[in-house]
Amino acid sequence: MLIETRRWDDPEGAELRRQQRVELDARYGSSDHEPGPPPSAADTDVFLVAVSDGKAVGCGALRQLDSGSAEIKRMYVVPQMRGTGVATSLLRALEAAAVERGWHTVRLETGTAQPDALRFYRREGYREIPLFGNYIGSTLSVCFERDLTPDRTGSRCERSPR
């Protein structure tokens with residue numbers, strides 16, 4: 001499997017994001033499940049696509065929040081590739097891209113109708129935090145954060161919830 005940096009308007013990446021919207025619309029019963037503005041080419045700093053056997057099978061993006069933090073957006077893996085390590089590889093690549101840019105805190109929002117995502121982020125070292133930004137007041141949102149600052153041993157530290 002390869003993880004490639006792509007442009008936001010990459011056709012395979014756009015198709016993955018379309019598939020994600022279809023799945024989320026079905027889970028939530030409507031298309032009104034994302035607080036705030038959706039990510040775009042203008043505000044997405046990194047867009048990664050996972051490729052397996054020549055086929056795009058997952059994606060994820062980073063949007064800078066401030067000088068030291070970014071938000072993970074559009075993290076998605078096609079259903080038939082879930083449980084194969086694609087999501088973990090994408091997540092680690094996004095974290096590495098954040099650190100390369102000097103962002104040592106990564107946040108994200110997922111939803112109450114996504115128990116698989118909630119389990120995944122907890123398992124991967126993310127801690128639930130209060131809703132932030134456009135998610136404040138949302139009844140469908142659950143927010144997470146991970147501190148990527150290396151400690152003296154070189155491993156990544158995790159910040160306790162605020």
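**Exercise 1. How many nonpolar, polar and charged residues are there in the lining of the largest pocket?**

Before we start: this is a predicted model, where local features need pLDDT of at least 70, side-chain atom pairs count only at pLDDT 80 or more, and totals for chains, interfaces and linings use all residues. Residues are numbered from 1 along each chain as its sequence is written, and side-chain values use heavy atoms, with hydrogens and water left out.

Step 1. Get the terms straight. On a 1 Å grid over the protein atoms alone, a pocket is an open set of points where a 1.4 Å probe fits, with protein on both sides within 12 Å along at least five of seven lines. Lining residues have an atom within 4 Å of a point.

Step 2. Sort the residues. Ala, Val, Leu, Ile, Met, Phe, Trp, Tyr, Cys and Pro go in the nonpolar bin, Asp, Glu, Lys and Arg in the charged bin, and the others, Gly among them, in the polar bin.

Step 3. Read off the split: 15 nonpolar, ten polar and twelve charged.

**Exercise 2. Work out how much space the largest pocket holds and which elements line it.**

Step 1. The largest pocket holds about 860 Å³, where a volume is the space filled by probe spheres set on the grid points, joined across faces, edges and corners.

Step 2. Its lining has 37 residues, and those closest to the centre are Gln20, Met75, Gln114, Ala117 and Tyr121.

Step 3. Now the elements. Helices (H or I, at least four residues) and strands (E, at least two) are DSSP runs, numbered from the N terminus. Two or more lining residues come from each of helix H1 (11-28), strand E4 (69-77), helix H2 (86-100), strand E5 (105-111) and helix H3 (115-123).

Step 4. H1 supplies the largest share, with seven residues.

**Exercise 3. Describe the overall fold, then its size and surface.**

Step 1. Count the elements: three helices and seven strands. Along the sequence they run β-α-β-β-β-α-β-α-β-β.

Step 2. Check compactness. The radius of gyration (over C-alpha atoms) is 15 Å, close to the 15 Å from the globule rule (2.2 Å times the number of residues to the power 0.38) for 162 residues, so the protein is as compact as a globular protein of that length. Along the principal axes, the C-alpha atoms fill a box of roughly 40 × 35 × 30 Å.

Step 3. Look at burial. Buried means under 20% relative accessible area, exposed over 50%, and partly exposed in between (1.4 Å probe, protein chains only). Of the 162 residues, 46% are buried.

Step 4. Add the surface: about 8,200 Å² is exposed, by the Shrake-Rupley method with a 1.4 Å probe. Carbon and sulfur atoms supply 50% of that area.

Step 5. Finish with contacts (heavy atoms within 4.5 Å). Among those between residues at least 6 apart in sequence, 63% join residues at least 24 apart.

**Exercise 4. Find where Asp53 and Arg74 sit, and say whether each is buried or exposed.**

Step 1. Asp53 is in the loop between strand E2 (46-52) and strand E3 (55-66). Its phi is near 50°, a positive value in a residue other than glycine.

Step 2. With a relative accessible area of 84%, Asp53 is exposed.

Step 3. Arg74 belongs to strand E4. Arg74 isn't a glycine either, yet has a positive phi of about 55°.

Step 4. At 15% relative accessible area, Arg74 is buried.

**Exercise 5. List the contacts of Ser52, Tyr126 and Leu131, leaving out residues up to four places away in sequence.**

Step 1. Ser52 lies in strand E2 and is buried, at 17% relative accessibility. Its partners are Val57 and Met81.

Step 2. Tyr126 sits in the loop between H3 and E6 and is buried at 1%. Tyr126 touches Ile72, Leu91, Glu95, Val106, Leu108, Tyr121, Phe144, Glu145 and Arg146.

Step 3. How far apart are the C-alpha atoms of Ser52 and Tyr126? They're separated by 26 Å, with the residues 74 apart along the chain.

Step 4. Leu131 is in the loop between E6 and E7 and is partly exposed, at 27%. Leu131 contacts Ile136, Gly137, Ser138, Ser141, Val142 and Cys143.
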